[in-house]
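I have a fresh model open and a notebook beside it. Here is what I looked up, in the order I went.

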Amino acid sequence: QKRLGILTSGGDCPGLNTVIRAVVSHGILTYDWKVLGIPYATKGLLERKTIPLSLHSFDLRGIDPLLNMGGTILGSINKGDTLNQIDELICGYRDLELDALIGIGGDGSLAILNKLQIIGNWQFIAIPKTIDNDVALTDRVVGFDTAVNTIVDSLNRLTFTAASHDRVMIVEVMGRSAGHLALCAGIAGGADVILIPEIPYSIKGICKHLAELRDKWERRFAIIVVAEGAKVADDSSLYKSCQTPNCGMAQYIADEIHHCSNNKLDIRVSVLGHIQRGGIPTALDRLVATAFGKAAVDLIAAGESGKMAAWRDGQVKAVALDDVLSQSPLHVAKNHYLVETASALGIYIGNGR
Ligand code: F6P
């Protein structure tokens with residue numbers, strides 16, 4: 001009986017348990033494999049620990065909570081924590097007598113797992129997950145859609161309170177180096193300003209845009225969505241009271257635009273933080289997670305290795321993990337159609353202006 005290991009690595013996101021559920025169901029029902037969860041990713045390999053996963057083992061009154069429960073029942077660790085123990089990790093895989101491994105991770109964790117599978121000669125298939133959406137060669141990753149919806153829900157709420165008090169709401173979202181989350185949620189949530197790491201913004205540009213909204217369009221409130229890693233164009237700061245990272249990107253912008261409006265703007269800051277990583281996966285994330293889990297099991301059965309399940313042209317396909325990693329993290333291109341869409345709708349999106 002084949003022993004299939006499965007682990008979740010890097011920051012959690014909604015949909016990880018849905019992948020685990022699909023792998024367990026398909027692996028057992030179709031192939032009669034033994035499926036073993038590795039707790040805390042590579043840490044579990046080092047400690048030679050496994051969690052036996054069987055059909056319906058987590059059911060409560062017949063309900064399978066893995067379908068829609070956020071987080072990961074296997075636990076996870078962040079990249080880099082165990083990398084200096086490569087030999088020990090490879091022995092861990094051998095000692096657990098694994099025949100194959102499925103790893104669910106973002107670009108950082110998948111790079112580590114790819115290195116291990118090459119050196120250790122493991123049979124390994126990857127599944128992409130990240131709320132940052134910055135894994136290349138796939139149109140969808142597990143977790144992104146739920147995070148976008150969580151932010152949009154917050155923007156819906158903030159819009160009403162902002163409009164009631166004629167306020168500028170600055171909403172900081174995750175995304176240290178890629179702005180997909182801010183861009184998609186900003187457009188879907190009706191932001192007036194979207195600031196992403198790939199396109200530097202200028203304080204003057206934001207102030208000018210806010211003045212225009214008020215004077216030309218009689219908009220008395222505004223919503224600014226800023227990615228945590230957004231970059232201000234050189235020499236753009238006017239006030240310089242509080243520099244990032246000490247006070248955070250949203251607070252920095254708040255101080256700057258307060259100054260450039262001669263202290264007239266009424267501004268509030270919301271940092272959404274890890275709220276974006278939690279919650280019940282959306283239907284789309286559940287579909288993507290389930291399709292990826294099924295595909296990964298079939299790839300293992302077909303003897304494939306070093307591949308990632310990817311969503312391309314409306315289908316799940318296998319792509320070479322080396323190719324994915326050489327193009328990740330995937331940034332928002334300056335001419336991305338959603339950047340053009342935002343500009344076309346009169347949203348300020350930077351470019352140093
Ligand atoms: O990589 C996903 C991500 O959500 C980033 O956008 C964010 O900067 C980071 O994780 C936060 O990670 P941690 O859980 O270590 O605070």
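My entries below go from the whole chain to single residues.

**Entry 1: the whole protein**

I am working with a predicted model, and I keep that in mind throughout. I began with the overall makeup and found 11 helices and 11 strands in the protein. Next I looked at the extent of the C-alpha trace, which spans about 70 × 45 × 35 Å along its principal axes. Does the radius of gyration agree with what a compact globule would have? What I found is 22 Å, and a compact globule of 353 residues would have a value near 20 Å, so the two agree. I also checked burial, and buried residues make up 51% of the 353 residues.

**Entry 2: the start of the chain**

I turned to strand β1, residues 3–8, and asked how it pairs with strand β2, residues 34–37. The two run in the parallel sense, with 4 bridges between them. One register point I noted is L4, whose bridge partner in β2 is V35. Between these strands I followed helix α1, residues 16–29, and noted that β1, α1 and β2 make a right-handed β-α-β unit.

I then went across to the next neighbour of β2. Strand β3, residues 51–53, is joined to β2 by 3 bridges, and this pair is antiparallel. V35 turned up again here, standing opposite L53 in β3. I like V35 as a landmark: it is the bridge partner of L4, and it also faces L53.

**Entry 3: around the ligand**

Which residues are around the ligand? I listed G11, N78, G106, T130, I131, D132, M174, G175, R176, E228 and R277. Sorted by class, this shell has 2 nonpolar, 5 polar and 4 charged residues.

I set this beside the record. An unreviewed UniProt entry gives a "binding site" annotation that covers G11, K79, G80, G106, D107, G108 and S109. G11 and G106 appear both in that annotation and in the ligand shell.

Two of the annotated residues got a closer look. G108 is in helix α4, residues 107–120, and S109 is in helix α4 too. Is G108 buried or exposed? The answer lies in between: G108 has 18 C-beta neighbours inside 10 Å, so it counts as partly exposed. S109 is buried, because 26 other C-beta atoms lie within 10 Å.

**Entry 4: β10 and its neighbours**

I moved on to strand β10, residues 307–312, and checked how covered it is. Of its 6 residues, 5 are buried, so I wrote it down as mostly covered.

On one pairing, β10 runs parallel to strand β5, residues 124–128, over 2 bridges. A126 has M308 in β10 as its bridge partner. In the other pairing, 6 bridges join β10 to strand β11, residues 315–320, in the antiparallel sense. There I picked out A309, whose partner in β11 is A318.

How many residues lie between β10 and β11 in their hairpin? I counted 2, and D313 in that turn has a positive phi of about 50°.

**Entry 5: a contact far along the chain**

I looked up M69, which is in the loop between β3 and α3, residues 86–95. Its C-alpha atom is separated from that of I280 by 5.7 Å, although the two residues are 211 apart along the chain. M69 has 19 other C-beta atoms within 10 Å, so I logged it as partly exposed.

**Entry 6: backbone details**

My last stop was the backbone geometry. Where is there a cis peptide bond? I found it between S328 and P329, with omega about 0°. P329 is in the loop between α10 (321–326) and α11 (337–344).

Two positive phi values outside glycine went into the notebook as well. R61 has a positive phi of about 50° and is found in the loop between β3 and α3. R61 counts as exposed, because it has 4 C-beta neighbours inside 10 Å. E218 has a phi near 55°, and its place is the loop between α7 (203–217) and β8 (222–227). E218 is exposed too, as 7 other C-beta atoms lie within 10 Å.

Terms used: Residues are numbered from 1 along each chain as its sequence is written. This is a predicted model: local features need pLDDT of at least 70, side-chain atom pairs count only at pLDDT 80 or more; totals for chains, interfaces and linings use all residues. Two strands pair if DSSP finds at least two bridges between them. A crossover is right-handed if, with the strands pointing away from the viewer, the path from the first strand over the helix to the second runs clockwise. A residue is near a molecule or strand if its C-beta atom, placed from the backbone, lies within 6 Å of it. Ala, Val, Leu, Ile, Met, Phe, Trp, Tyr, Cys and Pro count as nonpolar, Asp, Glu, Lys and Arg as charged, and the others, Gly among them, as polar. UniProt positions are given in the numbering used here, feature names are shortened, and annotations may be inferred rather than shown by experiment. A residue is buried if 20 or more other C-beta atoms lie within 10 Å of its own, exposed if 12 or fewer, and partly exposed in between; C-beta atoms are placed from the backbone. The radius of gyration is taken over C-alpha atoms; the globule rule is 2.2 Å times the number of residues to the power 0.38.
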